[in-house]
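Here is a small set of exercises to work through with the model open beside you. Try each task on your own before reading its solution.

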Amino acid sequence: MKIVILGAGNIATLFAKRLFEKKHTILQIVGKSETKAALLAKQVNAPYTTNIGLIHNNADIYLFATPDNVIVEIASNPIFRNKFLIHTSGSIDAKVFEPFTNRFGVLWPVQSLNISLKNNPAFPLVISASDNEASSVLKMLSADLTTEQIITLTDEQKRNLHLAAVMASNFTNYLYQVAYNLCQQHQLPFSLLLPLIHYTAASITNNDAPIKKQTGPAYRNDTITLQTHKAILQENPEYLQLYNLFSQLIITEKQKNKPLSGKP
């Protein structure tokens with residue numbers, strides 16, 4: 001297929017390179033930064049522009065790998081009227097394209113991608129599409145982009161999955177930062193926690209609810225350790241608040257899931 005890529009960041013780069021490798025024609029890279037657009041264009045044997053008025057007019061697909069807050073602004077340009085428009089956002093509905101065209105969709109990689117990494121991790125792809133024909137095209141493109149799970153969701157389902165992804169990734173990463181800060185505060189090497197972090201993440205499977213793998217003083221109702229930790233955190237009231245909240249939520253979740261955990 002003939003594809004125009006709007007954007008030159010992480011997702012744009014990964015998608016453009018994989019589609020190029022699968023013999024799709026990248027007609028053009030459209031970027032805000034001339035340096036980044038030129039670099040990506042060179043890798044996929046395509047011309048580039050930073051001028052939206054010079055966008056190629058006869059692509060099969062226009063793939064918006066742009067920041068969420070500019071998708072609608074860019075799509076409102078008359079050049080995109082009645083074109084096949086796709087964006088890559090987890091939080092923005094596919095239907096944002098409805099005022100401009102009848103053919104649209106989303107290809108959202110459920111993963112944090114970074115072109116600075118030598119090998120990006122595998123990622124599932126979520127599809128949302130305007131109709132069955134658009135869905136068929138997106139499934140074909142998805143098969144060229146990933147070997148992981150490909151699933152079609154409604155806009156509402158995709159929004160809910162994006163929220164879950166924020167909880168699972170962004171919030172978890174912040175907890176790593178809290179642990180890092182505590183280690184720094186008490187002159188401890190954060191590296192000692194890395195095997196535990198990796199093991200905990202690797203132990204989560206598709207077959208079991210994560211609560212089945214839950215450990216720790218709150219889960220064990222170890223009140224002595226809980227009080228010891230709370231005493232240490234008196235000098236970090238925000239972290240103490242976080243500790244109390246998570247401990248209570250773990251206790252509540254354990255009660256809700258007793259049949260799952262199989263533990264008293």
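## Exercise 1: The second largest pocket

The second largest pocket holds about 300 Å³ of space. Pockets and cavities are found on a 1 Å grid over the protein atoms alone: a cavity is a set of points where a 1.4 Å probe fits but cannot get out, while a pocket is an open set with protein on both sides within 12 Å along at least five of seven lines, and lining residues have an atom within 4 Å of a point. Grid points are joined across faces, edges and corners, and a volume is the space filled by probe spheres set on the points.

This is a predicted model, in which local features need pLDDT of at least 70, side-chain atom pairs count only at pLDDT 80 or more, and totals for chains, interfaces and linings use all residues. Residues are numbered from 1 along each chain as its sequence is written, and side-chain values use heavy atoms, with hydrogens and water left out.

**Task.** Describe the lining of the second largest pocket by position, by element and by residue class.

**Solution.**
1. Start at the centre: 17 residues line the pocket, and the closest to its centre are Thr13, Leu14, Lys17, Ile115 and Asn120.
2. Next, look at the elements; helices (H or I, at least four residues) and strands (E, at least two) are DSSP runs, numbered from the N terminus. Helix H1 (10-21) and helix H2 (34-43) each supply at least two lining residues, and H1 gives the most, with 6 residues.
3. Finally, sort by class: Ala, Val, Leu, Ile, Met, Phe, Trp, Tyr, Cys and Pro count as nonpolar, Asp, Glu, Lys and Arg as charged, and the others, Gly among them, as polar. The lining divides into 6 nonpolar, 6 polar and 5 charged residues.

## Exercise 2: The cavity

**Task.** Find which residues line the largest cavity, and give their classes.

**Solution.**
1. Count first: the structure holds 1 cavity of 30 Å³ or more.
2. The volume of the largest cavity is about 30 Å³.
3. Its lining consists of Ile3, Leu19, Ile61, Leu63, Ile86, Leu107 and Leu141.
4. By class, that makes 7 nonpolar, no polar and no charged residues.

## Exercise 3: Faces of two helices

**Task.** For helix H4 and helix H9, check the length and work out where the buried residues lie around the axis.

**Solution.**
1. The expected span of a helix is 1.5 Å times one less than its number of residues. For the 14 residues of H4 (residues 132-145) this gives 20 Å, and the end C-alpha atoms are 20 Å apart, which agrees.
2. Now the burial (buried means under 20% relative accessible area, exposed over 50%, partly exposed in between, with a 1.4 Å probe and protein chains only). In H4 the buried residues are Ala134, Ser135, Val137, Leu138, Leu141, Ser142 and Leu145.
3. Seen down the axis of H4, these fall within an arc of 160°, so they line one face of the helix; the arc is that of the directions from the helix axis to the C-beta atoms. The face turned away from the buried side carries the exposed residues Asn132 and Glu133.
4. Repeat for H9 (residues 237-256): its 20 residues reach 29 Å from first C-alpha to last, close to the expected 28 Å.
5. The buried residues of H9 are Tyr239, Leu240, Tyr243, Ser247, Ile250 and Lys254. They fall within an arc of 105° down the axis of H9, so they too line one face. On the other side of H9, Pro237, Glu238, Gln241 and Lys256 are exposed.

## Exercise 4: An aromatic cluster

**Task.** Classify the ring pairs Tyr62–Phe80 and Phe64–Phe97.

**Solution.**
1. Rings of Phe, Tyr and Trp (its six-membered ring) pair if their centres lie within 6.5 Å; planes under 30 degrees apart count as stacked, over 60 as edge-to-face and the rest as tilted. The structure holds 5 such aromatic pairs.
2. The rings of Tyr62 and Phe80 have centres 5.6 Å apart and planes at 80°, so this pair is edge-to-face. Tyr62 lies in strand E4 (residues 61-64) and Phe80 in the loop between helix H3 (71-75) and strand E5 (85-87), so the pair ties together parts 18 residues apart in sequence.
3. Tyr62 is buried at a relative accessible area of 1%, and Phe80 is buried at 0%.
4. For Phe64 and Phe97 the centres are 5.3 Å apart and the planes at 55°, so the pair is tilted.
5. Put together, ring pairs link Tyr62, Phe64, Phe80 and Phe97 into a cluster.
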